Amino acid sequence: MSAALIPDSKLPSLGTTIFTQMSALAQQHQAINLSQGFPDFDGPDYLQQRLAYHVSQGANQYAPMTGVAPLRQAIAEKTHALYGWRPDAESEVTVTAGATEALFAAIAALVRPGDEVICFDPSYDSYAPAVTLAGGRLKRIALQPPTFRVDWSQFAASLSDRTRLVILNTPHNPSATVWQKADFEQLWQAIAARHIFVLSDEIYEHICFASDGHASVLAHPSLRQRAIAVSSFGKTFHMTGWKVGYCVAPAALSAEVRKVHQYLTFSVNTPAQFAIADMLREQPQHWRELPDFYRAKRDRFINALADSRFEILPCEGTYFLLADYRAISDLDDVSFCRWLTEHVGVAAIPLSVFCAEPFPNTLIRLCFAKQEDTLDAAAERLCRL
Ligand SMILES: Cc1ncc(COP(=O)(O)O)c(C=O)c1O
């Protein structure tokens, strides 16, 4: 008998993500799951009804490769309303299978073997494997708690002739900080004279608590000519399982992303696209009111934790909070999260898993996209420590 043929892994250091592990542990111990970033409540009734409607009307075959026209137009309108610039729905907007696919397709389209890609740690876990598979080299710039701000002279010094792409994420998962307009201007000043593209992960664009709103790469007239902005409806409509996202980029860049997209997924769930287009057109108040919706949850949770021994870091966007447990335990953050799940009944994510280098810290990420009862019950347990 011949033995099974084992491939040399192209991603040897990757195992099951911590998000999957923590959710499994939470289930095993019946802990309140504040680890994975999804709501424990459903999205709008109207959206669900429109999905059923479009299924019943026969919108069940392949969608156009770039996305259905009403959705691309609605995205263009929304971009104009928010950032004062309207992308061309035909050539500059592409609907993808969640932000994950848009990020992967953008990286695969732009990064060649030996290219350097800059990202800021802590960083979302899908960037690095995509860069590795494209043959690129990831240069990670570590941002320091509690402010997690970019040091622009350090950034400028890290650029080289091989730098091809900068990946950023604002509002930022997991630090809950946001970029300001001035950050985008600094980025522009640093890369203007170089052949460097920008991949801006703005999936939490509608969950931003900053007084002057979300600063998007799309609002910067120069940067947007070399940027791919990525977003997703999963977070906006409380429907992370629908996996419908999109990217906005100049026509020439979009054309390259589409070359990957057409062989990665080809096209995205047809009735869901039509339903989301209806939702954007008929109920724009949903995304307009989202900052208030999540601000109320954030404030409720922070107030409920006021008497705990956790120190809560400022939260300017996303539906995550960072909590410092140094007054409670000497454990490293991964061990602390396991202990918290098993013995306290609350699951969280350790910050170090978002960083490549060992990151000595005592910070955990808590997701507050939960019903009030869930947040109150979790806070009550955390206050006992
Ligand atoms: C920063 C960031 N980017 C991308 C994604 C993936 O989004 P999607 O579920 O739309 O693929 C997530 C999901 O949590 C995220 O937090």
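**Close-up 1. Ser216 sits in the loop that links β6 (197-201) and β7 (227-232).** Strands here are DSSP runs of E with at least two residues, helices are runs of H or I with at least four, and both are numbered from the N terminus. This is a predicted model, in which local features need pLDDT of at least 70 and side-chain atom pairs count only at pLDDT 80 or more, while totals for chains, interfaces and linings use all residues. Residues are numbered from 1 along each chain as its sequence is written, and side-chain values use heavy atoms, with hydrogens and water left out. With a relative accessible area of 3%, Ser216 is buried (under 20% relative accessible area, 1.4 Å probe, protein chains only). Look for its side chain reaching the backbone nitrogen of Leu218 at 2.9 Å.

**Close-up 2. Thr318 lies in the loop between β9 (311-312) and β10 (320-324).** Thr318 counts as buried because its relative accessibility is 0%. A polar atom of the Thr318 side chain is found 3.1 Å from the backbone nitrogen of Phe320.

**Close-up 3. Ala347 belongs to strand β11 (residues 346-347).** Ala347 has a relative accessible area of 0%, so it is buried. Cys337 is ten residues away from Ala347 along the chain, and their C-alpha atoms are separated by 6.6 Å.

**Close-up 4. The ligand and its shell of 13 residues.** Thr100, Asp201, Tyr204, Ser232 and Lys243 come nearest to the ligand; a residue is near if one of its heavy atoms lies within 4 Å. Helix α4 (residues 98-110) gives the most to this shell, with four residues. By type, the shell has five nonpolar, five polar and three charged residues. In this grouping, Ala, Val, Leu, Ile, Met, Phe, Trp, Tyr, Cys and Pro are nonpolar, Asp, Glu, Lys and Arg are charged, and the others, Gly among them, are polar.

**Close-up 5. Ligand oxygen atoms lie beside N or O atoms of Ala99, Asn173 and Lys243.** For Lys243, an N or O atom of the side chain is 2.7 Å from an oxygen atom of the ligand. For Ala99, a backbone N or O atom lies 2.8 Å from a ligand oxygen. For Asn173, the side chain places an N or O atom 2.9 Å from an oxygen atom of the ligand. The protein covers 91% of the 390 Å² of accessible area that the ligand has on its own (Shrake-Rupley method, 1.4 Å probe).

Definitions and conventions:
A polar contact is a pair of N or O atoms within 3.5 Å; within protein, one must be able to donate a hydrogen and the other to accept it, and residues adjacent in sequence count only if both atoms are side-chain atoms. Buried means under 20% relative accessible area, exposed over 50%, partly exposed in between (1.4 Å probe, protein chains only).
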